[in-house]
Amino acid sequence: MTQDRVEWKNGRLDEIVSTRGAHLEHMDGNKWFLSFQHEDGTETALWFSSKDLWKPFHETRPAAIRQQGEE
């Protein structure tokens, strides 16, 4: 089972895992907003700049196949 978490390494954001969803929104110019909703009701929000998100590399992945007994 995946557990929600926000991890920092050497004072820098390393990873965010969210089990309740995420929202990415273009704000203006190269500015973006990204929020993650966590199981306990908290939210992690990020504001950042990126030109790369205008035309990102992306792929659609199929749903994970779970083995019997996994949640």
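Two strands count as paired if DSSP finds at least two bridges between them, and I write this down first because my entry on Glu 25 and Phe 33 leans on that definition.

**Entry 1: what I am looking at**

I remind myself that this is a predicted model, and I start with the protein chain as a whole. How many helices and strands are there in the protein chain? I find zero helices and five strands, and reading along the sequence I note the pattern β-β-β-β-β. The radius of gyration of the protein chain is 15 Å, well over the 11 Å that the globule rule gives for 71 residues, so the chain is more spread out than a compact globule. Along its principal axes the C-alpha trace spans about 45 × 30 × 25 Å.

**Entry 2: surface and contacts**

I next looked up how much of the protein chain is covered, and found that 15% of its 71 residues count as buried. The accessible surface comes to about 6,600 Å², and carbon and sulfur atoms hold 50% of that area. Among the contacts with a separation of 6 or more, 17% are between residues 24 or more positions apart.

**Entry 3: the hairpin of S1 and S2**

I then turned to strand S1, residues 5–9, and strand S2, residues 12–17, which pair in the antiparallel sense over five bridges. For single partners I checked Arg 5, whose bridge partner in S2 is Val 17, and Trp 8, whose bridge partner in S2 is Leu 13. S1 and S2 form a hairpin, with two residues between the strands.

Where is Asn 10 found? Asn 10 lies in the loop between S1 and S2, and its phi is near 55°, which is a positive value in a residue other than glycine. Is Asn 10 buried or exposed? Its relative accessible area is 81%, and because exposed means over 50%, Asn 10 is exposed.

**Entry 4: the open sheet**

The other strands I followed are S3, S4 and S5, which make an open sheet of three strands in the order S3-S4-S5, with antiparallel pairing. Its edge strands are S3 (21–28) and S5 (43–49), each of which pairs on one side only. From one strand to the next the twist averages 15°.

Looking at one pair within this sheet, I see that S3 and strand S4, residues 31–37, pair in the antiparallel sense over seven bridges. Which residue in S4 does Glu 25 stand opposite? It is Phe 33 that Glu 25 stands opposite. As a general reminder to myself, strands of a sheet pair through backbone hydrogen bonds, either parallel or antiparallel.

**Entry 5: Ser 35**

My last look was at Ser 35, which is found in strand S4. Since a residue counts as buried when its relative accessible area is under 20%, I checked the value for Ser 35 and found 3%, so Ser 35 is buried. Which residues does Ser 35 touch, not counting residues up to four places away in sequence? I listed Gly 21, Ala 22, His 23, Glu 43, Thr 44 and Ala 45. I also noted a polar contact of 3.2 Å that joins the side chains of Ser 35 and Gln 37.

Definitions and conventions. Residues numbered from 1 in each chain as written. Predicted model: local features only at pLDDT ≥ 70, side-chain atom pairs only at ≥ 80, totals over all residues. Heavy atoms only, no water. Helix = DSSP H or I, 4+ residues; strand = E, 2+ residues; numbered from the N terminus. Axes fitted to C-alpha atoms, helices over the stretch in contact; angles between N-to-C directions. Buried < 20%, exposed > 50% of the residue type's maximum accessible area, 1.4 Å probe, protein only. Polar contact = N/O pair within 3.5 Å; in protein donor to acceptor, adjacent residues only side chain to side chain. Contact = heavy atoms within 4.5 Å. Rg over C-alpha atoms; globule rule 2.2 N^0.38 Å. Areas by Shrake-Rupley, 256 points an atom, 1.4 Å probe, with all protein chains shown as cover.
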